[in-house]
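Colleague: I am new to this one and would love a friendly tour. Could you take my questions one at a time?

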Amino acid sequence: MAAAEPSLEELRQLVSEFRPNRGHLLPALHKVQDTYGYIPRSAIEVIARQLNTTPALVYGAMTFYAEFRTHPPAQTEIAWCSGPTCRILGGDRIREALEHTLGLPLGGYSEDGRYALHLGQCNGTCSEAPQVWVNGRVVGRLTVADAIRLARRIREGA
Ligand code: FES
């Protein structure tokens, strides 16, 4: 499933514009993710060197923000909205239904890499709450039964 990781040289070139100050850490992580769809493990060391900081600090930032991915994107990416409107309208039960039906925790990837379930943040489309995004497309006003049907379709590749 995973594409080959980019070479160290390619990564060095990619982040060469960034300078050693903390303000450049998130832009560097975003540039790597925008380029590859995720942040390869080898990029942590490259960014740390470029910004004259530690791999632990880069790793900490990468894992702190939910928008950064440490795996190549799955064929079907499901993001569960954790925003307040979705939660008030039953979002936690939607999450439980998805986790149970997909057999994945939040942040998990299927073994074959076909689908993944992520934490999402409110994107302002709260009129569709409670919702998930499937490859970026809003699937809203979900009931628990809808979530189970959606997860089964994705799990079965339909
Ligand atoms: S709270 Fe879910 S889209 Fe706003």
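What follows is a conversation about this predicted model.

Colleague: Let's start with the overall make-up. Which pattern does the chain follow along the sequence?

Modeller: Happy to begin there, and please keep in mind that this is a predicted model. The chain has seven helices and four strands. Read from start to end, these elements follow the pattern α-α-α-α-β-α-α-β-β-β-α.

Colleague: And the domains? What distance separates the centres of domain 1 and domain 2?

Modeller: The domain assignment gives domain 1 as residues 8-64 and domain 2 as residues 76-155. Along its principal axes, the C-alpha trace of the chain spans about 50 × 30 × 20 Å. Taken over C-alpha atoms, the centres of the two domains are separated by 29 Å.

Colleague: How much of the chain counts as buried?

Modeller: Here a residue is buried if 20 or more other C-beta atoms lie within 10 Å of its own. The chain has 158 residues, and the share of them that counts as buried is 28%.

Colleague: Now the helices. Are H3 and H4 parallel or oblique to each other?

Modeller: Two packed helices are described by the angle between their axes and the distance between the axes. For helix H3 (residues 41-50) and helix H4 (residues 55-64), the axes come within 8 Å and cross at roughly 120°. Angles of 65 to 115 degrees count as roughly perpendicular and those over 145 as roughly antiparallel. The angle of H3 with H4 fits neither range, and the two helices are therefore oblique.

Colleague: Which residues of H4 make that contact with H3?

Modeller: The crossing of H3 and H4 is right-handed. From the H3 side come Ile-44, Glu-45, Ile-47 and Ala-48. The contact residues divide into six nonpolar, no polar and one charged. On the H4 side, the residues are Pro-55, Val-58 and Tyr-59.

Colleague: Which elements do the buried residues of H3 pack against?

Modeller: First, the residues themselves: Ala-43, Ile-44, Val-46, Ile-47 and Gln-50 are the buried residues of H3. Ile-44 and Ile-47 also take part in the contact with H4. The buried residues of H3 pack against helix H1 (8-14), H2 and H4.

Colleague: What about H2 and H4: are they roughly parallel or roughly perpendicular?

Modeller: The axes of helix H2 (residues 25-36) and H4 come within 11 Å and cross at roughly 70°. An angle from 65 to 115 degrees counts as roughly perpendicular. That makes H2, relative to H4, roughly perpendicular.

Colleague: How do the residues of the contact of H2 with H4 divide?

Modeller: H2 passes H4 in a right-handed crossing. Leu-25, Leu-26 and Leu-29 of H2 make the contact with Val-58, Ala-61 and Met-62 of H4. The residues of this contact divide into six nonpolar, no polar and no charged.

Colleague: Moving on to H6 and H7, are they roughly parallel or roughly perpendicular?

Modeller: Helix H6 covers 91-102, and helix H7 covers 144-155. They pack at an angle of about 30°, with their axes 9 Å apart. Since angles under 35 degrees count as roughly parallel, H6 and H7 are roughly parallel.

Colleague: Which residues in H7 does H6 meet?

Modeller: H6 passes H7 in a right-handed crossing. In H6, the residues in contact are Arg-93, Ile-94, Ala-97, Leu-98, Thr-101 and Leu-102. They meet, in H7, Val-144, Ala-147, Ile-148, Ala-151, Arg-152 and Arg-155. The residues of this contact divide into eight nonpolar, one polar and three charged, and the H7 set again runs Val-144, Ala-147, Ile-148, Ala-151, Arg-152 and Arg-155.

Colleague: Now some backbone details. Which residue does a cis peptide bond join to Ala-129?

Modeller: Most residues other than glycine have a negative phi, and most peptide bonds are trans. The partner is found in the loop between strand E2 (115-120) and strand E3 (132-134). With omega at about -10°, the cis bond joins Ala-129 to Pro-130.

Colleague: Is Asn-135 buried or exposed?

Modeller: Asn-135 is found in the loop between E3 and strand E4 (137-139). Although not a glycine, Asn-135 has a positive phi of about 50°. A residue with 12 or fewer other C-beta atoms within 10 Å is exposed. Asn-135 has 11, so this residue is exposed.

Definitions and conventions
Residues numbered from 1 in each chain as written. Predicted model: local features only at pLDDT ≥ 70, side-chain atom pairs only at ≥ 80, totals over all residues. Domains from an automatic or database assignment. Axes fitted to C-alpha atoms, helices over the stretch in contact; angles between N-to-C directions. Left-handed = near helix turned anticlockwise from the far one by under 90°. Contact = placed C-beta atoms within 7 Å. Nonpolar A, V, L, I, M, F, W, Y, C, P; charged D, E, K, R; others polar.
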